[in-house]
Amino acid sequence: WAMGLRILFTLLTVAVVPSALAFSLGGHASLRHIALRRNTESGIQRNPPLLAPRPAAVLRQTKGSGDKGDSSDLADKVLNNTLSGNVGERGEVYVALQVVLCLLVGVGSLFDEAVESVSIPIGLALCAYGIGMGYLGTQDLGSNLTPWPKPIDDGSLQRDGVYGIVRHPLYSSIVIGCAGLSILTISFPRLLLTGILYGLLTAKAAREEEMLCETFSDYGDYCGQVPDRLIPYAALLASSFRTLSGAKSCYSFISLSVYKCYL
C-alpha cells in the first residue's frame, strides 16, 4: 500500500503541478483577454489593460521633461549657492571637517598599524587619568560618599579639589577609564558599551543635581563656577570651537543647551 500510494502521488504531481503552473502563468491572462473582448463587443469597457499604449504626445512630453538644459540650470544654481555669502561666515569649518573625516573613513584601513601603535599610550593615559580622578574624588568627598543619587541628610557640598574641575569626578573617572580600556584593547563593543554607560551616568547625574539643588541652596552658584558636569574642560573646548567656527547666537544657544544636557 505504501508503494502504491507513493506511485499515485508521483503521477498526480507530474500531471497536476505543470497544469497548475501553466494556468497560473497564462490562464489569468487568457481569461482577462476573453472578458475584455466580451466587454468591448457589448459596448462596456472595464479595467483597461495596464500596458495600454500611450499617446505619442504624452511620450514626447515625458521624454523631453528631463533634458540637458534643466540639468545645466540646476548645476549653475548649486554652484551659485556654493559661492554665495561671505567667506568665514558660511560654516566652512564644518564642511572642511566633514570632507576630511569622510576621506579618512574611506582610507581608514591604511591607518590600522598607526592606530595600534597610538592606542597603547592613549589608552594607558586615559586609564591612569580615570583611576587618579576616581581616587582623588573619593578622598575629597570623604564621608559624603554614597552610591545613590540622593545626597545624605547631614552632608555638605564639596567644592574643592577635583570638584573644582568637574562636578561629578567619580562618574567622570568611570567613563574615562572605560574609554581608555576600550582604546587600549581596540575593542569596538567596549567602546559602544562605554557610550551607553556615559548616557546612563549623564541621566543619573542630572537626577542627582535636581536633588542637590533641593538640598543645597547654593548649588546653582556652584554650577556656574564649575560648568563641566562629566567631561573636564568640555566648556572651554565648546567655547573655542564656537569661536573658531564663527557661530552666531542661534547656534550658540543650541550648542550650549546640548552641552548642558550631556557634558
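## A nonpolar patch on the surface

In this predicted model, nine side chains need not be hunted for one by one, since they belong to one feature: Leu97, Val100, Leu101, Leu104, Val107, Leu110, Phe111, Val115 and Ile186 form a nonpolar patch on the surface. Together these residues have about 800 Å² of accessible area. To find the patch in the structure, start at helix α4, which spans residues 92-106. This helix gives the largest share of the patch, 4 residues.

Leu101 is a good residue to pick out here. It is a member of the patch and has its place in helix α4. Is Leu101 buried or exposed? Its relative accessible area is 52%, and because a value over 50% counts as exposed, Leu101 is exposed.

## Where helices α5 and α6 meet

Now turn to Gly134, which is found in helix α5, residues 112-141. With a relative accessibility of 13%, Gly134 counts as buried, because the cut-off for buried is under 20%. Which residues does Gly134 touch, leaving aside those up to four places away in sequence? They are Leu170 and Ser173.

Ser173 sits in helix α6, which covers residues 169-185. Like the glycine, Ser173 is buried, and its relative accessible area is 9%. Seen from Ser173, the contacts are Gly130, Met133 and Gly134, again not counting residues up to four places away in sequence. The contact between Gly134 and Ser173 therefore links a residue of helix α5 with a residue of helix α6, and both are buried.

Another distance helps to place this region. Gly134 and Tyr171 are 37 residues apart in sequence, yet their C-alpha atoms are 8.1 Å apart in space.

## A pair of tyrosines in helix α8

How many aromatic pairs does a search of the whole structure find? The search finds 1. The pair is made by Tyr219 and Tyr222, with 5.6 Å from centre to centre and 55° between the planes, and it is tilted.

Both tyrosines lie in helix α8, residues 219-225. They are 3 residues apart, which is about one turn of the helix. Are these two residues buried or exposed? Tyr219 counts as buried at 1% relative accessibility, and Tyr222 is buried too, with a relative accessible area of 2%.

How values were computed
Residues numbered from 1 in each chain as written. Predicted model: local features only at pLDDT ≥ 70, side-chain atom pairs only at ≥ 80, totals over all residues. Heavy atoms only, no water. Helix = DSSP H or I, 4+ residues; strand = E, 2+ residues; numbered from the N terminus. Buried < 20%, exposed > 50% of the residue type's maximum accessible area, 1.4 Å probe, protein only. Contact = heavy atoms within 4.5 Å. Patch = residues over 30% accessible without salt bridge, like charges linked within 9 Å, V, L, I, M, F, W, Y side chains within 5 Å. Areas by Shrake-Rupley, 256 points an atom, 1.4 Å probe, with all protein chains shown as cover. Salt bridge = Lys/Arg side-chain N within 4 Å of Asp/Glu carboxyl O. Phe/Tyr/Trp six-rings, centres within 6.5 Å; stacked < 30°, edge-to-face > 60°.
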